[in-house]
Amino acid sequence: MVGFAFVAPVEAAAAGRPARTRFSPDPSVAARPGPKRRDLPPGAAPLTAPALRAYDLGWKHHRAGHVPQPESTPWPSALSAGQLRTRSNSGKKVAVITGASQGIGAGLVEAYRKLGYAVVATSRTVAASDDPDVVTVQGDIADPATAERVAAAAIERFGRIDTLVNNAGIFVAKPFTEYTQEDYDAVTGVNLTGFFRITQLAVEQMLRQSGGHVVQITTSLVHHALSAVPSVLASLTKGGLQSASKALAVEYATRGIRSNAVSLGVIKTPMHSEEYFETFAALHPVGRMGEISDIVDAVLYLEDAPFVTGEVLHVDGGQGAGH
Ligand SMILES: NC(=O)c1ccc[n+]([C@@H]2O[C@H](COP(=O)([O-])OP(=O)(O)OC[C@H]3O[C@@H](n4cnc5c(N)ncnc54)[C@H](OP(=O)(O)O)[C@@H]3O)[C@@H](O)[C@H]2O)c1
């Protein structure tokens with residue numbers, strides 16, 4: 001990496017790093033009584049019935065910390081009453097995580113369990129779990145049949161899907177003209193086709209529940225191509241996911257479904273050989289690679305951020321900002 005100043009990695013700080021600080025509501029605000037219809041300014045024109053309903057509904061959801069919902073969600077004919085639950089069979093929210101066998105996906109499974117979610121974890125080789133609140137489904141996410149099995153497992157075992165993290169992904173870096181048709185098929189298969197059917201199924205279920213959250217894991221290369229790392233297929237596929245994240249956010253904003261992306265720098269996972277860690281560290285203004293915990297913290301922030309949707313959250317050691 002000629003031309004890049006290498007600053008000693010600071011990952012050692014990870015061990016002694018302060019606990020993640022999370023936004024908590026100001027209790028004095030939470031305790032404040034909500035506005036009542038009689039609080040309308042004197043002389044204000046009377047509200048129509050639909051406006052009053054929207055007003056009350058919006059405030060109710062504000063108090064609950066949720067995006068306002070439409071008053072009623074169409075009841076799909078295929079939906080049984082048992083599917084419309086406020087929590088899973090075990091009383092937990094449910095996260096589906098793809099690419100869950102190792103790396104960031106494995107970190108997300110652990111984090112969502114700590115958060116109290118039941119988890120459906122999928123990848124080709126994901127191992128069975130002893131945890132009764134983790135279901136594992138093996139399969140190639142590029143095959144729509146895997147998505148069907150994953151969604152079915154979530155509903156059969158837990159009765160709902162609250163969060164989908166589209167984390168499965170592969171990375172092939174090559175000069176553009178050296179990519180083969182096999183490279184193209186493999187990268188678009190996992191990164192794009194692997195997003196499509198499972199996200200459709202998850203969103204369908206979220207619509208029945210009037211809420212949910214979809215997160216795409218992407219790369220800083222979308223916004224910040226590097227001459228040293230030629231990788232058009234990463235930009236093509238992850239850039240598509242980022243655009244889709246925004247489009248989904250807008251399409252479903254009024255139906256309680258949020259969609260966000262986390263755009264990563266280079267993270268220490270089994271995707272990368274340790275021999276290149278020093279080189280990768282130098283690609284980031286902060287002078288280090290990211291840790292799995294950096295990405296998990298970002299996803300958990302988004303999980304707990306009801307006013308954030310359509311966001312591409314850069315967790316890239318400053319790469320997106322420049323050099
Ligand atoms: N690490 C980085 O520096 C970095 C940077 C930018 C973006 N990302 C993105 O972050 C996400 C996670 O990456 P990671 O670093 O944790 O990678 P990783 O350690 O290589 O893990 C990738 C995961 O995806 C699964 N997977 C791969 N092909 C699959 C397929 N055909 N069907 C189903 N699952 C498949 C793998 O499981 P199986 O082998 O069991 O199928 C594995 O669980 C990916 O989307 C990646 O593009 C990573």
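Here are five short exercises on this predicted model, each with a worked solution.

**Exercise 1. Get your bearings**

Find how many helices and strands the chain has, and what share of its residues counts as buried.

*Solution.* Start with the secondary structure: there are eight helices and seven strands. Next, turn to burial: 38% of the 323 residues count as buried. Finally, look at how the contacts are spread along the sequence. Taking contacts with a separation of 6 or more, 70% are between residues 24 or more positions apart.

**Exercise 2. Two loop residues**

Decide whether Leu221 is buried or exposed, and do likewise for Ser90.

*Solution.* Begin by placing Leu221: the loop that holds it runs between strand 5 (212-219) and helix 6 (232-251). Then count its surroundings. Leu221 has 24 other C-beta atoms within 10 Å, and the cut-off for buried is 20 or more, so Leu221 is buried. Setting aside residues up to four places away in sequence, Leu221 touches Leu226, Val229, Ser231, Ala234 and Ser235. One of these, Ser235, is 14 residues from Leu221 in sequence, with a C-alpha to C-alpha distance of 6.1 Å.

Now take Ser90, which sits in the loop between helix 2 (49-64) and strand 1 (94-98). Here the count is 12 other C-beta atoms within 10 Å. A residue with 12 or fewer is exposed, so Ser90 is exposed. Ser90 still touches Ala118, Asp133 and Phe158, again leaving out residues up to four places away in sequence. Gly159 lies 69 residues from Ser90 in sequence, yet their C-alpha atoms are 9.0 Å apart.

**Exercise 3. Helix 4 against helix 5**

Work out how helix 4 and helix 5 are oriented to each other, and which residues meet where they pack.

*Solution.* First, the geometry: helix 4 (residues 144-158) packs on helix 5 (residues 181-209) at an angle of about 30°, and the axes are 8 Å apart. Angles under 35 degrees count as roughly parallel, so helix 4 and helix 5 are roughly parallel to each other. Their crossing is right-handed.

Second, the residues. Helix 4 brings Pro144, Ala147, Glu148, Val150, Ala151 and Ile155, while helix 5 answers with Arg197, Ile198, Leu201, Ala202 and Gln205. Sorted by character, this contact has eight nonpolar residues, one polar and two charged.

**Exercise 4. Helix 5 against helix 6**

Repeat the analysis for helix 5 and helix 6: at what angle do their axes cross, and which residues meet?

*Solution.* The two axes cross at roughly 10° and come within 10 Å. That angle makes helix 5 roughly parallel to helix 6. Helix 5 passes helix 6 in a right-handed crossing. On the helix 5 side, look for Asp183, Tyr184, Val187, Thr188, Asn191, Leu192 and Phe195; on the helix 6 side, for Leu233, Thr237, Lys238, Gly240 and Leu241. The contact of helix 5 with helix 6 is made of six nonpolar, four polar and two charged residues.

**Exercise 5. Around the ligand**

Say which residues come nearest to the ligand, and which element supplies the largest share of the shell.

*Solution.* Start close in: of the 29 residues around the ligand, Gly99, Gly103, Arg124, Gly169 and Thr269 come nearest. Then ask where the shell comes from. Helix 3 (103-114) and strand 5 each supply at least two residues, and helix 3 gives the largest share, with three. Last, sort the shell by character: 15 residues are nonpolar, 12 polar and two charged.

Methods:
Residues numbered from 1 in each chain as written. Predicted model: local features only at pLDDT ≥ 70, side-chain atom pairs only at ≥ 80, totals over all residues. Helix = DSSP H or I, 4+ residues; strand = E, 2+ residues; numbered from the N terminus. Contact = placed C-beta atoms within 7 Å. Axes fitted to C-alpha atoms, helices over the stretch in contact; angles between N-to-C directions. Parallel < 35°, antiparallel > 145°, perpendicular 65-115°, else oblique. Left-handed = near helix turned anticlockwise from the far one by under 90°. Nonpolar A, V, L, I, M, F, W, Y, C, P; charged D, E, K, R; others polar. Near = placed C-beta within 6 Å.
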